[in-house]
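Trainee: Could we go through this model together, starting with the ligand and then turning to the open space elsewhere?

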Amino acid sequence: MDHTDELQVSRAALQMINPAPYNAEAPAAALADEITPTALHYVRSNFPLPDHDGRLEIGGAVAHPLTLTIDDLLAMPSVERAVTLECAGNGRLAMRPLPSGEPWGDYAVSTARWTGVFLHEVLARAVPAADGVDVRFSGADHGAYHLTPVLADIDRSDLRFVRALPLATVADPAAEILIAYAMNGEPLNRDHGAPFRLIVPHWYAVASVKWLQRIDVLTEAYTGEFQTGHYIYEWADRPHEPVDLMHVRARITEPAAESTIVSGRCTVRGKAWSGTGPVTRVDVSLTGAGEWYPAELRPPTGPYHWQDWSFEWDADAIGRHTVRVRATDAAGNVQPEVPPWNRLGYGNNAIEVVYFDVV
Ligand SMILES: Nc1nc2c(c(=O)[nH]1)N[C@H]1C(S)=C(S)[C@@H](COP(=O)(O)O)O[C@H]1N2
Ligand SMILES: [Mo]
């Protein structure tokens with residue numbers, strides 16, 4: 001198969017949002033399993049698929065600049081982590097007024113098994129300067145920007161996807177940030193960042209730079225369109241904040257929303273996740289503003305992995321029933337009733353409301 005055929009096959013099961021640059025949601029089935037098959041994993045790209053020369057340059061304020069290839073990474077100890085990635089724009093479609101940006105429904109979220117090396121071990125080989133502040137990650141992708149830049153001095157005719165993380169975060173072994181070269185046991189495909197990408201657990205997926213080409217240690221805080229322009233919560237009533245950790249959220253996966261079900265006992269189930277600690281409880285409400293009942297919550301099967309929950313519902317009365325589901329995490333964060341509106345439409349973790357018609 002040539003590249004074009006390969007892409008057609010790997011994209012066939014997704015719900016396309018934008019053909020170029022290619023952006024696509026996962027189908028509902030993607031949330032059913034522990035691990036999302038690669039062909040069902042959502043894709044979000046800001047630019048056309050880039051060519052990558054296979055080299056990873058590490059420089060800036062370091063004592064030993066390095067050039068690594070996939071073989072160098074394969075020679076290092078490998079780690080595998082299941083990581084739930086969610087786009088910060090997931091759920092944007094439910095915000096009012098509707099913000100600009102990709103009109104994501106609720107399926108820009110997936111969980112894959114990523115294999116790679118620890119970023120902190122790679123960076124340690126380059127020996128970052130003691131006065132390093134940020135670490136800047138450059139993707140190989142660049143081109144005309146399909147959205148309107150937020151920063152005033154941006155040339156939208158040729159932009160590159162560049163993001164930074166604090167050096168303290170990158171150097172912390174507990175952060176477990178990966179340079180991943182495999183996804184669900186296969187080499188990364190082109191849509192997911194071949195030949196290697198960052199995987200930053202717990203963060204909204206914008207931090208997980210694909211097609212990673214350069215890593216530079218900076219002695220000043222990084223500013224750029226994808227760091228301080230877009231991916232900022234522009235609140236109406238308080239200071240702006242950067243998009244960082246995923247907000248706590250639960251989704252109902254079964255029965256399908258708006259489906260007709262036969263009266264009797266019914267298991268409602270779904271997934272819950274958070275970037276600010278494991279989910280500690282999930283509650284279900286069956287009557288709009290009424291009481292909340294605890295759902296059964298499975299313990300996490302990994303530190304960065306969505307959790308299963310289920311609720312036995314006696315759906316005896318025929319008619320239309322509403323079901324709401326609300327997750328709480330170990331840090332005490334709870335989902336809000338109403339989307340937390342911000343100008344660019346990030347971080348919508350409002351309580352999901354679905355209805356079922358019982359017959
Ligand atoms: N180089 C590069 N990395 C990127 C992006 C991008 O446009 N270019 N998009 C980011 C965003 S916003 C998301 S949500 C995730 C999506 O990862 P996926 O396509 O593997 O699901 O990649 C992130 N990494
Ligand atoms: Mo995203």
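Trainee: How far is an oxygen atom of ligand 1 from a polar backbone atom of Arg-44?

Mentor: Happy to help! This is a predicted model, where local features need pLDDT of at least 70, side-chain atom pairs count only at pLDDT 80 or more, and totals for chains, interfaces and linings use all residues. Residues are numbered from 1 along each chain as its sequence is written, chains are lettered from A and ligands numbered from 1 in the order written, and side-chain values use heavy atoms, leaving out hydrogens and water. A polar contact here is a pair of N or O atoms within 3.5 Å. For Arg-44 and ligand 1, the distance is 3.0 Å.

Trainee: Which residue has a side-chain N or O atom 2.7 Å from an oxygen atom of ligand 1?

Mentor: Take care to separate backbone from side chain. Tyr-42 uses a backbone N or O atom, 2.7 Å from an oxygen atom of ligand 1. The residue that uses its side chain at 2.7 Å is Arg-197.

Trainee: How much of the accessible area of ligand 1 does the protein cover?

Mentor: Accessible areas come from the Shrake-Rupley method with a 1.4 Å probe. On its own, ligand 1 has 530 Å². The protein covers 100% of that.

Trainee: Which strand gives the most to the lining of the largest pocket?

Mentor: Strands are DSSP runs (E, at least two residues), numbered from the N terminus. Several supply at least two lining residues each, among them strand S18 (264-273) and strand S22 (307-315). With 5 residues, the one that gives the most is S16.

How values were computed:
Polar contact = N/O pair within 3.5 Å; in protein donor to acceptor, adjacent residues only side chain to side chain. Helix = DSSP H or I, 4+ residues; strand = E, 2+ residues; numbered from the N terminus.
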